[in-house]
Amino acid sequence: MPTPVTVSEQQLQTQFTYIDAVASLVRDKRPRAYTHTFGCQQNEADTERIRGMLHEMGYEMTDDVNEADFILFNTCAVREHAEDRAFGNIGALSHLKKQRPEVIIALCGCMAQQEKNVEKIKKSYPQVSLLFGTHALWRFPSLLYRVLTGEKRVFDIGGADDIAEGLPVLRKGGAKAWLSIMYGCNNFCTYCIVPYVRGRERSRRPEEIEKELRELVAAGYKEITLLGQNVNSYGKDLGLDIDFADLLRRLNAVPGDFWLRFMTSHPKDASPRLFDAMAECEKVAKQLHLPFQSGSDEILRRMNRRYTAAEYKQLIAYAREKMPDITLSSDIIVGFPGETEEDFAQTLALVREVRFDLLFTFLYSPRSGTPAASYEDNATPAEKQARFERLLRAQDEIVAERQAAYQGKRLRLLIDGTAKGPDYPFTARTEGNLLVCVRGENLRIGEFIEAEIEKTTLRCLFARKM
């Protein structure tokens, strides 16, 4: 596998030159920028870099799309619903563009990386002045400069699968931060568009990741989530003697009081070595999101997942042996083409056996450009919906029991936000990433506290500060 290419210092310096050039163009206008992100945490992290570049170019951020001079949608292509929402939001801006022709409307992200969507935007959404794909994100300053200096429409989805280090970042305040450790995916699950829009796996060098983590800790962030489409395959492309377990140990040694989380993991690359590292590293949260998608080996084969249900359960058993209190979550696709009632029964059996703390469940949505989109499918929508509802009911029963077991327990929590209810005015997370509403004196976002669980519901724990 080729070693990932880092964008050269000269290439980056060219973009910083354009940052300065844009700043000179807009200096007297005090422009405002609005950004909206669809999809996964990686998209959120990408938006933070775009916001960082906008900030360096002299833009102020706004939450009001109607007062913005620059409007950006960072899009997702994983599910059809996400694309429909993005197109709907773009369409709704046609009136704003007519009222204020000077407004720049931009589109980026996974949806913008697909040729079919590029052509659709060109033909049907003339209000979009700037479109760039996932590979062109680091060239954003030069693309925006072209629009500001007279080009009516700039579209760029080209570029290699390079890694750009040193881009400015503008994060939202609070206790949490995202930290990308790699990009792209090599797995080619038959239902997934990600490898086609985000490219092949590219791992960042460990020293760059550690440097960014140290900056986040120094800035006061208490929960840092390591991001990658498949973090378990980290390092395979670097040509270095390092894997994800090694990276966790290296980052765990960074001084400070914080939690490290990571997502997403692929079962085919998860290993006892990883779980040993998780158990030994006190700053790595004892939480694992390990998507299994289906409990049927036949469906897993059709999905190109490259593990069996038995192998998945062995991984879970080892993780729980090493970390008895670990919190487990997973993804499930219901209604994959060819799924029979027997296949679904095997999925339901796995859920009841493993007893997850949280499940993200999806009805299969065909994605154009993936192999599964052409698979024959005999189940009716009504049959799929009925299976989906059975799965939700079974999982709710499990969650109710697991949540109730926390009654009276004392836990370490991270205060991470405010709640709507007056009785428990703050939200927090357990080390296992369970949601908690908290009451107590002098609570502050970004603070670790000890608390006692007073009551439980299906979706939330309720606690008082000790």
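The exchange below asks how certain descriptions of this predicted model are reached.

User: What kind of model is this, and how are its residues numbered?
Analyst: This is a predicted model, in which local features need pLDDT of at least 70 and side-chain atom pairs count only at pLDDT 80 or more, whereas totals for chains, interfaces and linings use all residues. Residues are numbered from 1 along each chain as its sequence is written, and side-chain values use heavy atoms, with hydrogens and water left out.

User: What makes a space in this structure a cavity, and how many cavities of 30 Å³ or more are there?
Analyst: On a 1 Å grid over the protein atoms alone, a cavity is a set of points where a 1.4 Å probe fits but cannot get out, and lining residues have an atom within 4 Å of a point. Grid points are joined across faces, edges and corners, and the volume is the space filled by probe spheres set on the points. By that test, a search of the whole structure finds three cavities of 30 Å³ or more. The largest holds about 240 Å³ of space, and among its 15 lining residues Thr134, Leu137, Asp162, Tyr183 and Arg202 are the closest to its centre.

User: How is the lining of the largest cavity divided by class?
Analyst: Ala, Val, Leu, Ile, Met, Phe, Trp, Tyr, Cys and Pro count as nonpolar, Asp, Glu, Lys and Arg as charged, and the others, Gly among them, as polar. On that basis the lining of the largest cavity has seven nonpolar, three polar and five charged residues.

User: Which residues line the second largest cavity, and which elements each supply at least two of them?
Analyst: This cavity, with a volume of about 40 Å³, is lined by Asp46, Ile50, Asn74, Cys108, Gly109, Phe132, Gly133, Thr134 and Leu137. Helices (H or I, at least four residues) and strands (E, at least two) are DSSP runs numbered from the N terminus, and in those terms α2 (41-56) and β4 (104-109) each supply at least two residues of the lining. By class, four lining residues are nonpolar, four are polar and one is charged.

User: What makes the second largest pocket a pocket, and what lines it?
Analyst: A pocket is an open set of points with protein on both sides within 12 Å along at least five of seven lines. The second largest pocket has a volume of about 390 Å³, and of its 16 lining residues Asp325, Thr327, Tyr406, Lys409 and Leu411 lie nearest its centre. Its lining divides into six nonpolar, three polar and seven charged residues.

User: Why are β2 and β6 called edge strands of the open sheet?
Analyst: Two strands pair if DSSP finds at least two bridges between them, and the open sheet of six strands runs in the order β2-β1-β3-β4-β5-β6 with parallel pairing. β2 (60-61) and β6 (154-156) each have a single partner strand, so one side of each is left without a neighbour in the sheet.

User: How do you know that β1 and β3 pair, and what packs on the sheet?
Analyst: Strand β1 (residues 32-37) and strand β3 (residues 70-75) are joined by five bridges in the parallel sense, against a requirement of at least two; Thr35, for example, has Leu72 of β3 as its bridge partner. α2 packs on this sheet, touching β1, β2, β3, β4 and β5 (128-132), with a direction at about 175 degrees to that of β1. Helix α3 (residues 80-92) also packs on the sheet, touching β1, β3, β4 and β5, and its direction makes about 165 degrees with that of β3. Touching here is contact, meaning heavy atoms within 4.5 Å, while axes are lines fitted to C-alpha atoms, for helices over the stretch in contact, and angles run from 0 to 180 degrees between N-to-C directions.

User: Why is Thr430 called buried, whereas Phe188 is called partly exposed?
Analyst: Buried means under 20% relative accessible area, exposed over 50%, and partly exposed in between (1.4 Å probe, protein chains only). Thr430 has 6% relative accessibility and therefore counts as buried, whereas Phe188, at 26%, is partly exposed. Thr430 lies in strand β16 and, leaving aside neighbours within four places in sequence, is in contact with Trp259, Arg261, Leu411, Arg412, Leu413, Val436 and Leu461.

User: What makes the backbone at Phe188 and at Thr264 worth a remark?
Analyst: Phe188, in the loop between β8 (182-183) and α7 (194-198), has a positive phi of about 55 degrees although it is not a glycine. The peptide bond from Met263 to Thr264 is cis, with omega near 0 degrees, and Thr264 is found in the loop between β11 (259-263) and α10 (272-280).
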